[in-house]
Every structure is written in C-alpha cells, then in structure tokens.
Amino acid sequence: MQVIAQTKTLYPSLTKSERKVADFVLEHGGELVHMTLSELARRIGVGEATVVRFCQKIDLGGFQELKFYLELEIDESKQGAGEGPEGIKQNLIDNIEFTYSMLSQGELEQVLDAIHDAEEVFFYGIGTSGLSASMGEARLFRYGKRTRAVTDSHVQMMQSSLCDSSSLLIAVSVSGETKDLIESVGAARSAGAQVVAITSYANSSLAKLADHVFITYDKMSFLEGGTFSSAVSQIYVLDVITTSYALRYSDDVARVQEKIGWSMMSKVNV
C-alpha cells in the first residue's frame, strides 16, 4: 500500500474537509505517524469521522492502518541513510534535554510525597517499557521502599484488584494507549491507588487517568516498537524521581543502603 501515491491519485475526488487530511498526510507525514486520531483532528480542524472517511477513501481500514503504512513508506525511503554513531548520540541527548525541559519541580515534589507515604510502590510497564519499570523497581527498592515491577498484563490486573489508598502505581508507556495497561491502571485507580504516568503523550488515556504526569520525548513506532531512545527518556525520568527521593530522605536511605551493603558483601569477590 503506497499511501502518498494513493492520496495524490484520489485527491480530486475528496471533499474539502478530506483534502485537509490529505494535505497534512502529504506535507507532514513524518509528524502524523506520531499523533493520535484526536490530536490530528484538532490540529487540522476537522472531525474525527472525517479522518476515518479519508482513510476509507484511500482503501485503508482506519487511522491505525494509515499510520502503519505511512510509517512503512517513510522508513523505506530512509533505508541506507543511517544516522551513524554521532547522529544516534545527538538523538539521545536531544531526547533527554526535551524531557528535562518538560519536568515540573512542583509535580516532582508531590510525587516524592506520594512515594514516601505509600506502603508499596508498583511499577507497571509492558514490552520495552516493562524493562524501564524493572529499572525503577530495582532503584527504589535499594532506597528502602517496598516495590514491585509488574510487566505481565494479567498479573497487572490481578495486582490492581488488590490495591487500595496506600498503593502507588508508576505506569510507564510511550503511547499511553496500551489497552491492557490502561485497563489495569483504571482498575487500580478505582480501588483507591494514586497513579503516576510516564508517557510521551500528554493527552493519552494513561495521562488522563493519572494524578501526576511526566512527559518523555520519543514517539511510538509500529515498526520498531519501543526504541532505545524511548527507554533512555523513561529511565532518565525514573532516575530523577528515585535520586530526588534519596536526596530528600537521605538519613533513612543511608541506613537502608548500609544494611543492603553489608548483606551483599559475601556475594562479591575481593
């Protein structure tokens, strides 16, 4: 399926509103693949139904297919170009700098309070975001909190059913739209748990469920799934949260680290 060619071919038969969608596809396709249906509709000033009709007119099943085939087409055009080590390094730096610029100190302080008050902190993530969640669990555990990373969708739902007002969830998702994760977070929220979201989309379903939101820079790719750069952005935010917690409660953390240090001495060859 060649989205660009099909859009150009059928352009004369489109309505005025549908042409707005077509124009955006032709001029800003690289940006569109990282947008939600509602974001695109608001951006170009049409209804969501208009976007869906446009997709159907160019023989696609819906908006997700449009994004998939458009991204595939863009990716094919880049084959062989390659960024190289320097480009990859700069991309990671840019992602962290953007993520840093989106941090709110006030939001961070509230999350530190929530972590301190919680009896147990759960880190939810699926796929690559699950790896980030596991990193968050390991770091905060070493600072004396009861933590658990839950990366299986079925176990997430079961755990959510056992949450209460003493529970804190830190949910990690690039898109903020992973269906199973959203259902589990919603169940935990209904049970009284507080929710912290780490996502790249401020208007995502996950962000709307959360009490506190941290925005990371990187966009979901249908072709690559979670990327290294998205994981770096997520881990940066988790590092900020956990390190800030250790600094604020340094006396308590020092006692815990001393205990852990002594317990691990026998595990290290010196």
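## Exercises: cores and crossings

The largest nonpolar core has 26 residues, and those with the most contacts inside it are Ile 115, Val 121, Phe 123, Ile 198, Phe 214, Ile 241 and Tyr 245. A nonpolar core is a set of buried Ala, Val, Leu, Ile, Met, Phe, Trp, Tyr and Cys residues joined through side-chain atoms within 4.5 Å. Before you start: this is a predicted model, where local features need pLDDT of at least 70, side-chain atom pairs count only at pLDDT 80 or more, and totals for chains, interfaces and linings use all residues. Numbering runs from 1 along each chain as its sequence is written, and side-chain values use heavy atoms, with hydrogens and water left out.

**Exercise 1.** Find out which element gives the largest share of this core.

*Solution.* Start with the elements that each supply at least two residues: helix H7 (105–117), strand S1 (120–125), helix H8 (128–141), S3, strand S4 (194–199) and H12. Helices (H or I, at least four residues) and strands (E, at least two) are DSSP runs, numbered from the N terminus. Then pick the top supplier: H12, with 6 residues.

**Exercise 2.** Decide whether Ser 167 is buried or exposed.

*Solution.* First, place Ser 167: it's in strand S3 (residues 167–172). Next, recall the cut-offs: buried means under 20% relative accessible area, exposed over 50%, partly exposed in between (1.4 Å probe, protein chains only). Ser 167 has 8% relative accessibility, so it counts as buried. Finally, look around: leaving aside neighbours within four places in sequence, Ser 167 is in contact (heavy atoms within 4.5 Å) with Glu 120, Phe 122, Ala 193 and Gln 194.

**Exercise 3.** Describe how helices H6 and H12 pack.

*Solution.* Two packed helices are described by the angle between their axes and the distance between the axes. Axes are lines fitted to C-alpha atoms, for helices over the stretch in contact, and angles run from 0 to 180 degrees between N-to-C directions. For H6 (residues 84–101) and H12 (residues 228–248), the axes come within 9 Å and cross at roughly 40°. Now the label: angles under 35 degrees count as roughly parallel, over 145 as roughly antiparallel, 65 to 115 as roughly perpendicular and the rest as oblique. H6 and H12 are therefore oblique to each other.

**Exercise 4.** Do the angle and distance again for H1 and H2.

*Solution.* H1 (residues 3–10) and H2 (residues 16–32) have axes 10 Å apart, at an angle of about 140°. That pair is therefore oblique too. For the touching residues, Val 3, Ile 4, Thr 7 and Lys 8 in H1 meet Ala 22, Val 25 and Leu 26 in H2.
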